[in-house]
Amino acid sequence: MADLSTSNTSPNRWLFTRQIGTSRENRPILLHETAPFKAASGGTLLIGGVHGDERATIHLLLSFQDRLLRENRVDLATLPIGIIPLANPDGFVKKSRVNAAGVDLNRNFDAGWSPKGEEPPGPEPWSEPETRALRDFIEYQRPHKIIALHWALGEVDPDGAQSLPLARAMWDALSPSDRAPYRLREGGNPCPGSLGQWCGKALHYPDGTAPAIVTLELPFDPAIPRPDPLPANHLEHLERHWQNDAQAYLAATQRAVHKMLAAACRFNASKG
Ligand SMILES: [Zn+2]
C-alpha cells in the first residue's frame with residue numbers, strides 16, 4: 001500500500017484528462033493520464049472500447065484507474081500511464097462493434113489493410129476520425145507499451161517480436177488459476193488493419209524503436225478453462241453472460257486483468 005505521507009493525496013494532482021480526438025458524431029475521445037505524456041518519455045497506454053459493444057473492456061480500465069487513484073499506486077506511475085477507456089464513443093452509444101460510419105476501427109489501421117475484410121475496414125486506411133486520433137496520439141507521444149482490451153478470445157496476444165517480453169511479463173503476473181481462462185499466444189495470424197498489427201509491425205518511432213503492443217482478449221467465460229478451439233458461439237455466450245449479470249462477469253475477471261495491467265505498467269520495455 002502507498003505511504004500517503006510521501007505521495008499525492010489528491011487524485012487531481014496526478015490524474016489529468018484531455019481530449020485527444022473527436023468521433024464522427026462529435027463525441028470526445030478522452031485520455032486520462034497519471035502524468036502528462038511527453039514525446040519519447042516512455043509510458044504505458046491502455047485502450048478500451050475500440051469495439052463499442054465490448055463494454056467490459058471499458059469498465060475494467062475504469063476500475064483499474066480508480067484503483068490507481070484509491071490506492072495511490074505511484075509505484076506503478078513513475079512513467080506516465082495513459083488510459084483511453086472508450087476509443088469508439090459512438091459505437092458505445094449505439095451498442096455496436098463498429099463506429100457511426102459502420103467501420104470496424106480495428107480493421108482501419110494502415111498495416112496489412114485490405115478492402116475485403118470479413119469486418120468492414122472502411123474505404124481506405126485512416127478513413128475514420130477515431131483511428132486517426134489514436135494514430136496521432138501514439139506517433140506524437142510515443143508510448144513504449146500499449147495494451148488494447150477486447151473480448152472475447154481469452155488470450156494475451158502480442159504483435160511483433162518486440163512485444164513478446166511484455167506479454168510474458170503480464171502472463172507471469174498470473175497464478176495458474178488466473179491463467180486458466182486465457183492462453184498466451186506467442187505468434188499466429190496477425191489481424192489485418194488492426195491497431196496491434198500497425199503498432200507491432202508497421203510503426204517505427206523516429207529513433208527507430210517500436211512500441212510493445214499486446215491485445216488483451218477477455219475470456220468468453222471466466223469460470224472455465226479456455227477451450228482450444230473456442231466454441232463458435234463464444235461471442236454470444238459472453239453477450240448473454242453480460243446481459244444476465246455484468247457485475248458477476250466483472251467480478252470474475254477484474255483480479256487477473258488488474259494484475260496484468262499493473263505488470264504491464266511496471267514492465268521496463270527498454271530492458272526487455
Ligand atoms: Zn474487439
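This is a short tutorial dialogue on reading a few features of a predicted model.

User: Let's start with the metal. Which residues coordinate the zinc ion?

Analyst: Good place to begin! The zinc ion is coordinated by His51 through ND1, by Glu54 through OE, listed twice, and by His150 through ND1. The distances run from 2.0 to 2.4 Å.

User: How should I read the angles around a metal, and what is the arrangement of the four donor atoms here?

Analyst: As a general reference, ideal angles are 109.5 degrees for four tetrahedral donors. To count as tetrahedral, four donors need all angles between 85 and 135 degrees. Around this zinc ion the angles are 57 to 153°, so the arrangement is irregular.

User: How are the donor residues spaced in sequence?

Analyst: The pattern is H-x2-E-x95-H. His51 sits in the loop between β3 and α1, while His150 belongs to strand β5, so this pair ties together parts that lie 99 residues apart in sequence.

User: Are His51 and His150 buried or exposed?

Analyst: Both His51 and His150 are buried.

User: Next, helices. What describes the way α3 and α6 pack?

Analyst: In general, two packed helices are described by the angle between their axes and the distance between the axes. Here, helix α3 (residues 129-141) and helix α6 (residues 195-202) meet at an angle of about 30°, and their axes are 12 Å apart. An angle under 35 degrees counts as roughly parallel, and α3 and α6 are therefore roughly parallel to each other. Their crossing is right-handed. On the α3 side, the contact is made by Arg135, Ile138 and Glu139; on the α6 side, by Leu195, Trp198 and Cys199.

User: Why does Gln65 count as buried?

Analyst: The idea is to look at relative accessible area: under 20% means buried. Gln65, in helix α1, has 8% relative accessibility, so Gln65 counts as buried. Leaving aside residues up to four places away in sequence, Gln65 touches Leu15, His32 and Ile83.

User: And where is Asn108?

Analyst: Asn108 is in the loop between α2 and α3. Its relative accessibility is 0%, so Asn108 counts as buried too. Again not counting residues up to four places away in sequence, the residues touched by Asn108 include Trp113, Pro121, Trp126 and Gly193.

User: Can we try a whole helix? Which residues of helix α4 are buried?

Analyst: In helix α4 (residues 164-172), the buried residues are Leu164, Leu166, Ala167, Ala169, Met170 and Trp171. Among the elements covering them are strands β5, β6 and β8, and helices α5 and α7.

Conventions
Residues numbered from 1 in each chain as written. Predicted model: local features only at pLDDT ≥ 70, side-chain atom pairs only at ≥ 80, totals over all residues. Heavy atoms only, no water. Donors = N, O, S within 2.8 Å, 3.2 Å for Na, K, Ca; no water. Tetrahedral: all angles 85-135°; square planar, octahedral: opposite > 155°, others 65-115°. Helix = DSSP H or I, 4+ residues; strand = E, 2+ residues; numbered from the N terminus. Buried < 20%, exposed > 50% of the residue type's maximum accessible area, 1.4 Å probe, protein only. Axes fitted to C-alpha atoms, helices over the stretch in contact; angles between N-to-C directions. Parallel < 35°, antiparallel > 145°, perpendicular 65-115°, else oblique. Left-handed = near helix turned anticlockwise from the far one by under 90°. Contact = heavy atoms within 4.5 Å.
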